[in-house]
Amino acid sequence: MNLTKNFIATAADGLYSDSGSKGLYLRVRRDGKSRTWFFKRQVNKIKKEISLGSAVVLPLSKARARADHLRALSDSDFLAEVSGKKQAVELKQRTFEEVAAEFCDWNVKSGLWQELSKDHKLFLSRLRNHINPHIGSIPFDQVTPDDVARTLTAIWSRPHTMVRIRSMIRRIFNWGRAKGYSKHDNPATEDGPLQFLLPAVKPKIKNRGALAVQDVPGFMKALSEHLTGISFQCGFFAVLTATRSKTAREARWEQIDFENSNWIIPPSQLKVADNGPLVVPLAPQVIAFLNSLGPKPEGLIFPTNKDEVMTDTIFSRVPMELPGGDWLDRDQTLQQEKPVRATMHGIARASFRTWAQDDLLGNDKRFDPRIAELCLHHKINDGYNGAYERNRSFIRRREMMEAWADFCLSAVDPSKDV
């Protein structure tokens with residue numbers, strides 16, 4: 001069949017040959033979640049197959065071009081290609097976009113990413129929007145620090161994005177050099193020529209808006225009065241547990257240990273999976289809130305109407321849509337001389353961390369900063385980077401989380417069910 005862009009995006013599980021390029025196949029698996037290009041050829045009466053990469057990354061035109069190249073090779077050169085012994089002259093013809101696509105495919109095959117997971121999609125989006133338009137068509141071994149500087153300068157006013165793009169380019173080049181695609185120094189290293197080609201004025205990285213400690217009870221009171229929607233429910237839960245958006249949105253009933261008042265979060269649901277699983281001690285108010293939702297044996301606690309994980313966009317709109325106040329970050333509003341709205345991440349994380357050491361409340365003497373870091377699932381910053389840290393201070397963490405819940409709900413009528 002003559003494969004088309006629309007067919008590639010919607011094909012059901014199966015193996016499809018492309019009549020437009022002999023030997024080129026599209027393999028769709030796992031209910032359409034995996035779409036991969038393959039090239040098949042018979043050598044000495046033995047069928048050989050070579051993967052060309054993800055069809056999400058490699059467009060049909062380039063897959064056909066790659067198949068044409070493989071079809072034109074002699075039997076010996078094709079066997080060398082299959083075994084991974086690529087010729088240096090061919091490697092130097094790869095563009096940055098092609099190497100980036102291989103790097104992306106390698107992450108999926110290595111198990112570092114799940115195909116079309118959030119990390120995978122973000123990588124593809126940043127490549128498409130911020131990197132490939134500037135350096136995608138340049139031969140990989142010819143990309144210079146000037147090219148990287150031009151790419152980063154285009155997004156200089158967006159410091160968070162710029163830092164991530166710089167890190168992406170640096171990793172792609174390190175991987176490409178390890179594969180022999182370039183013999184040159186990495187053009188994206190921060191201590192190389194790149195540092196002298198970027199604007200002299202460093203971009204200001206703005207922290208996410210958070211509420212002043214004294215504003216948190218009012219915010220939680222307003223939330224407690226509007227707990228009919230899943231986004232408000234999830235926001236209420238995230239603040240009381242001081243957890244990140246993704247962690248709270250993916251919370252499941254089977255992770256809640258009601259008997260011991262704990263939430264057992266697997267590493268895959270955490271930003272820093274290397275820190276291991278996290279056991280969050282749940283305050284009595286949190287258990288009461290979960291019980292009010294009608295605990296179920298399994299499934300998402302805050303599912304959408306389609307029984308899917310709520311998007312971060314919906315979750316992030318809670319402070320904007322919650323009645324009862326403007327919910328501004330007082331410090332950043334004064335500093336930037338314009339209103340800076342508090343974010344759910346800032347309220348659940350930064351406001352909690354500030355409260356934990358608030359001297360007006362006496363918390364600077366009441367709580368150990370290390371306990372707050374453990375509650376936030378941060379690595380202990382010591383000379384050994386936490387290598388010998390085994391005591392998770394669970395009793396002290398429970399004391400802190402219960403005190404945080406008491407403070408958050410101090411403006412809520414105790415007779416009112418939340």
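Author: In this predicted model, helix axes are lines fitted to C-alpha atoms over the stretch in contact, and angles run from 0 to 180 degrees between N-to-C directions.

Reader: At what angle do α5 and α6 pack, and are they roughly parallel or antiparallel?

Author: The axes of α5 and α6 lie 10 Å apart, and the packing angle is about 165°. Angles over 145 degrees count as roughly antiparallel. Therefore α5 is, relative to α6, roughly antiparallel.

Reader: Which residues of α6 are met by α5?

Author: On the α5 side the contacts come from F96, E97, A100, F103, C104 and V108. The crossing of α5 past α6 is right-handed. The residues met in α6 are H120, F123, L124, L127, I131, N132, I135 and G136.

Reader: How many aromatic pairs does the structure hold, and what is the geometry of F7 and Y16?

Author: The structure holds 21 aromatic pairs. For F7 and Y16 the centres are 5.0 Å apart and the planes are at 85°. Planes over 60 degrees apart count as edge-to-face, so the F7 and Y16 pair is edge-to-face.

Reader: Is F7 buried or exposed, or partly exposed, and what of Y16?

Author: Buried means under 20% relative accessible area, and exposed means over 50%. F7 has 23% relative accessibility, so F7 is partly exposed. Y16 has 16%, so Y16 is buried.

Reader: How far apart in sequence are the parts tied together by F96 and F140?

Author: The rings of F96 and F140 are stacked, with 6.0 Å centre to centre and 20° between the planes. F96 lies in helix α5, and F140 lies in the loop between α6 and α7. Both F96 and F140 are buried. Because of where the two residues lie, the pair ties together parts separated in sequence by 44 residues.

Reader: Which residues form an aromatic cluster?

Author: F103 of α5 and F123 of α6 are among the residues in contact between these helices. Both F103 and F123 also belong to one aromatic cluster. Its members are F103, W106, F123, W175 and Y181.

Reader: Which rings have the charged ends of R27 and K40 over them?

Author: The charged end of R27 is 4.2 Å from the centre of the ring it sits over, that of F38. For K40 the distance is 4.9 Å, and the ring is that of Y25.

Reader: Where do N44 and K45 lie, and are they buried or exposed?

Author: N44 has a positive phi of about 55°, and K45 has one near 65°; neither N44 nor K45 is a glycine. N44 is in the loop between β3 and β4, as is K45. With 61% relative accessibility, N44 is exposed. K45, at 77%, is exposed.

Technical notes. Residues are numbered from 1 along each chain as its sequence is written. This is a predicted model: local features need pLDDT of at least 70, side-chain atom pairs count only at pLDDT 80 or more; totals for chains, interfaces and linings use all residues. Side-chain values use heavy atoms; hydrogens and water are left out. Rings of Phe, Tyr and Trp (its six-membered ring) pair if their centres lie within 6.5 Å; planes under 30 degrees apart count as stacked, over 60 as edge-to-face and the rest as tilted. Buried means under 20% relative accessible area, exposed over 50%, partly exposed in between (1.4 Å probe, protein chains only). Helices (H or I, at least four residues) and strands (E, at least two) are DSSP runs, numbered from the N terminus. A charge sits over a ring if NZ of Lys or CZ of Arg is within 6 Å of the ring centre and within 35 degrees of the ring normal. Angles under 35 degrees count as roughly parallel, over 145 as roughly antiparallel, 65 to 115 as roughly perpendicular and the rest as oblique. A crossing is left-handed if the near helix is turned anticlockwise from the far one by less than a right angle, and right-handed if clockwise. Contact means heavy atoms within 4.5 Å.
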